[in-house]
Amino acid sequence: MEASQFKATFLPCHRCLYGVAWQLTGNAQEAEDLVQETFLKLWTRRHQLSNIDNPEAYSIVILRRIFYVVKRTKHIEETEQDIREIQHRTSENLSEHIEAQDQWQRIRTMILALPDPQGKVMLMRDVEGLTYEEISTETGLTEVNLRSILSRARKKIREKIKEMKR
């Protein structure tokens, strides 16, 4: 197919192609780009197009195929990017989780190493979340005494943590 015959056959389809492209993309610039891609594809195949019965329908099929290939390619790229971000975030979360667990184990070991009433009271209050009244009932100590014991226990733990960071 010669250039003049190509122009006579496919250029009249421009308006229809643009309408279809607009419906697919919803964007004037993208629609025009899609039409241009379609004409480029048709031009590169012009030697095989001499037996086309309905050039308008054929060019619409080409336009749609180009649109879906581009759309699929963009989707795959976005999906790959999302997967990389998820993997990165997951590895960060996992390392943070492991670090937090390790830190918790060290603090728990420190609490258990405290003298009897201090370690026991700190575990009941800070780990188990019991109220002073519940701890008092269980241990037989007064609430004022519990606060004092807990204060000393926390102070010792803070000092041990500062020593660890040095």
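In the predicted model, Phe6, Phe10 and Trp43 are linked into a cluster by ring pairs. A search of the whole structure yields 3 aromatic pairs. In one of them, the ring centres of phenylalanine 6 and tryptophan 43 are separated by 5.2 Å and the ring planes meet at 80 degrees; because planes over 60 degrees apart count as edge-to-face, the pair falls into that class. Phenylalanine 6 belongs to helix α1 and tryptophan 43 to helix α3, so the pair ties together parts that lie 37 residues apart in sequence. The two partners differ in exposure: phenylalanine 6 is buried, with a relative accessible area of 7%, whereas tryptophan 43 is partly exposed, at 31%.

Another edge-to-face pair is formed by phenylalanine 67 and tyrosine 68, whose ring centres lie 5.1 Å apart and whose planes are at 70 degrees. Here phenylalanine 67 counts as buried, at 13% relative accessibility, while tyrosine 68 is partly exposed, with a relative accessible area of 39%.

Phe10 also appears in the largest nonpolar core, which comprises 18 residues; Phe10, Leu17, Phe39, Leu42 and Leu63 have the most contacts inside this core. At least two of its residues are supplied by each of α1 (3-10), α2 (14-25), α3 (28-44) and α4 (55-113). With residues up to four places away in sequence left out of account, leucine 42 touches Phe6, Phe10, Leu49, Tyr58, Ser59 and Ile62. Apart from the largest core lies another, of 15 residues, which includes Leu123, Met124, Leu130 and Ile157.

Helix α6 spans residues 132-139, and its buried residues are Tyr132, Ile135 and Ser136. Viewed down the axis of α6, these residues fall within an arc of 100 degrees and therefore line one face of the helix. Exposed residues Glu133, Thr137 and Glu138 are carried on the face turned away from the buried side. The cover over the buried residues of α6 includes α5 (116-127) and α7 (143-165). Just after α6, glycine 140 adopts a positive phi of about 85 degrees.

Tyrosine 132, one of the buried residues of α6, is also the site of two contacts between arginine and an aromatic ring. The charged end of arginine 125 sits over the tyrosine 132 ring, 4.3 Å from its centre. Arginine 147 likewise lies over the face of tyrosine 132, at 4.1 Å from the ring centre.

Definitions and conventions: Residues are numbered from 1 along each chain as its sequence is written. This is a predicted model: local features need pLDDT of at least 70, side-chain atom pairs count only at pLDDT 80 or more; totals for chains, interfaces and linings use all residues. Side-chain values use heavy atoms; hydrogens and water are left out. Buried means under 20% relative accessible area, exposed over 50%, partly exposed in between (1.4 Å probe, protein chains only). Helices (H or I, at least four residues) and strands (E, at least two) are DSSP runs, numbered from the N terminus. The arc is that of the directions from the helix axis to the C-beta atoms. Contact means heavy atoms within 4.5 Å. A nonpolar core is a set of buried Ala, Val, Leu, Ile, Met, Phe, Trp, Tyr and Cys residues joined through side-chain atoms within 4.5 Å. Rings of Phe, Tyr and Trp (its six-membered ring) pair if their centres lie within 6.5 Å; planes under 30 degrees apart count as stacked, over 60 as edge-to-face and the rest as tilted. A charge sits over a ring if NZ of Lys or CZ of Arg is within 6 Å of the ring centre and within 35 degrees of the ring normal.
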